[in-house]
Amino acid sequence: MNVFDIIGPIMIGPSSSHTAGAVRLGRVAAALLGEAARTAQIELSGSFAETYRGHGTDKALVAGIMGMDSDDERIRRSLDIAREKGLEPVFTETEIPGAHPNTARITLTGGSGKRVVIEGASVGGGNILVTGVNGMAVSFTGQYNTVLVLHQDRPGAIAAVTQFMAGSGLNIGSFRLSRSHRGGEALMTIEVDGAVSDGLMDSLRALAPVQQAILIRAM
């Protein structure tokens with residue numbers, strides 16, 4: 001059991017689900033974008049949609065998108081800080097069928113035109129579960145170093161990546177594959193034990209089957 005399951009995270013209130021978890025969802029979206037966001041469209045479902053203003057979920061999500069931690073005093077001013085930086089987030093209340101009550105779908109666009117969409121939920125105690133990246137199903141919590149590998153669905157791709165990780169001394173804690181269709185674009189979600197260096201990620205990106213590889217560091 002993680003210590004956060006017992007005492008919760010160090011955070012700016014009022015609610016770990018609506019603030020600390022929301023910050024972490026924003027941080028994951030920012031990490032996947034890999035550059036400063038220029039636009040942010042945030043869809044809120046369930047309890048998030050009903051209470052986000054009163055519980056500060058809007059401020060927490062935007063704080064995470066700007067790279068703040070859950071205990072950052074600036075969270076209370078994050079919307080103003082975002083506007084000062086030229087980021088004007090747009091919030092939409094919606095209903096995502098079958099989603100956890102505290103679910104957000106975040107669409108970020110960077111200055112280069114790069115765009116990323118994540119869907120995830122704040123599941124209690126500041127913990128999160130990310131369930132979608134760019135329309136493909138994933139499942140990771142952000143509690144472990146997580147490597148996302150985008151590749152073409154073809155024989156040998158999974159073996160190339162997992163054998164490389166084994167040879168680099170990384171132990172895979174969990175693995176999930178999502179694909180749009182057979183032979184199309186596919187995404188590996190790999191949670192690993194231990195540290196992942198920038199050099200290892202560069203070598204992973206150089207593998208023939210890999211189109212893109214992103215590291216979400218444990219938070």
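**Close-up views of a predicted model**

**Figure 1. V62 in helix 4.** V62 is found in helix 4, which covers residues 57-65, in what is a predicted model. The relative accessible area of V62 is 1%, so this residue counts as buried, the cut-off for that term being under 20%. Once residues up to four places away in sequence are set aside, V62 touches I42, S78, L79, A82, P89 and F91. For one of these partners, F91, the separation from V62 is 29 residues in sequence, while the C-alpha atoms of the two residues are 10 Å apart in space.

**Figure 2. The largest nonpolar core and the surroundings of I106.** The largest nonpolar core contains 41 residues, and those with the most contacts inside it are L32, I106 and L108. Helix 2, residues 16-33, supplies the largest share of this core, namely 7 residues. Apart from this core lies another, made up of 17 residues that include F164, M165, M201 and L204. In soluble globular proteins, nonpolar side chains tend to be buried together. When neighbours within four places in sequence are left out, the contacts of I106 are with L25, G26, A29, Q41, I42, L61, I65, V116, V117 and I118. I42, listed here as a contact of I106, is also touched by V62 of the preceding view.

**Figure 3. A186 in strand 9.** A186 belongs to strand 9, which runs over residues 185-193, and with a relative accessibility of 0% it counts as buried. Leaving aside neighbours within four places in sequence, the residues in contact with A186 are M136, V149, L150, H151, D153, L177, S178 and R179. M136, one of these, stands 50 residues from A186 in sequence, and the distance between the two C-alpha atoms is 8.2 Å.

**Figure 4. D153 in the loop between strand 7 and helix 6.** The loop that holds D153 lies between strand 7 (145-152) and helix 6 (157-167). D153 has a relative accessible area of 16%, and because the term buried applies under 20%, this loop residue is counted as buried. Its contacts, without neighbours within four places in sequence, are R179, H181, R182, G183, G184 and A186. From D153 to S178 there are 25 positions in sequence, and their C-alpha atoms are 9.6 Å apart in space. R179 is in contact with D153 and also with A186 of the preceding view.

**Figure 5. N134 in the loop between strand 5 and strand 6.** N134 is placed in the loop between strand 5 (127-133) and strand 6 (136-140). The phi angle of N134 is near 50°, a positive value in a residue other than glycine. Most residues other than glycine have a negative phi. With a relative accessible area of 43%, N134 is partly exposed.

**Figure 6. The whole chain, as context for the close-up views.** The protein chain comprises 7 helices and 10 strands. Its radius of gyration is 17 Å, close to the 17 Å that the globule rule gives for 219 residues, so the chain is as compact as a globular protein of that length. Along the principal axes, the C-alpha trace spans about 50 × 40 × 35 Å. Of the 219 residues, 47% count as buried, and among contacts with a separation of 6 or more, 68% are made by residues 24 or more positions apart. The accessible surface amounts to about 10,200 Å², with 49% of it belonging to carbon and sulfur atoms. The chain carries 19 positive and 21 negative charges, whose mean positions are 4 Å apart.

Definitions and conventions: Residues numbered from 1 in each chain as written. Predicted model: local features only at pLDDT ≥ 70, side-chain atom pairs only at ≥ 80, totals over all residues. Heavy atoms only, no water. Helix = DSSP H or I, 4+ residues; strand = E, 2+ residues; numbered from the N terminus. Rg over C-alpha atoms; globule rule 2.2 N^0.38 Å. Buried < 20%, exposed > 50% of the residue type's maximum accessible area, 1.4 Å probe, protein only. Contact = heavy atoms within 4.5 Å. Areas by Shrake-Rupley, 256 points an atom, 1.4 Å probe, with all protein chains shown as cover. Lys, Arg positive; Asp, Glu negative; His and termini not counted. Charge placed at Lys NZ, Arg CZ, Asp CG, Glu CD. Core = buried A, V, L, I, M, F, W, Y, C linked by side-chain atoms within 4.5 Å.
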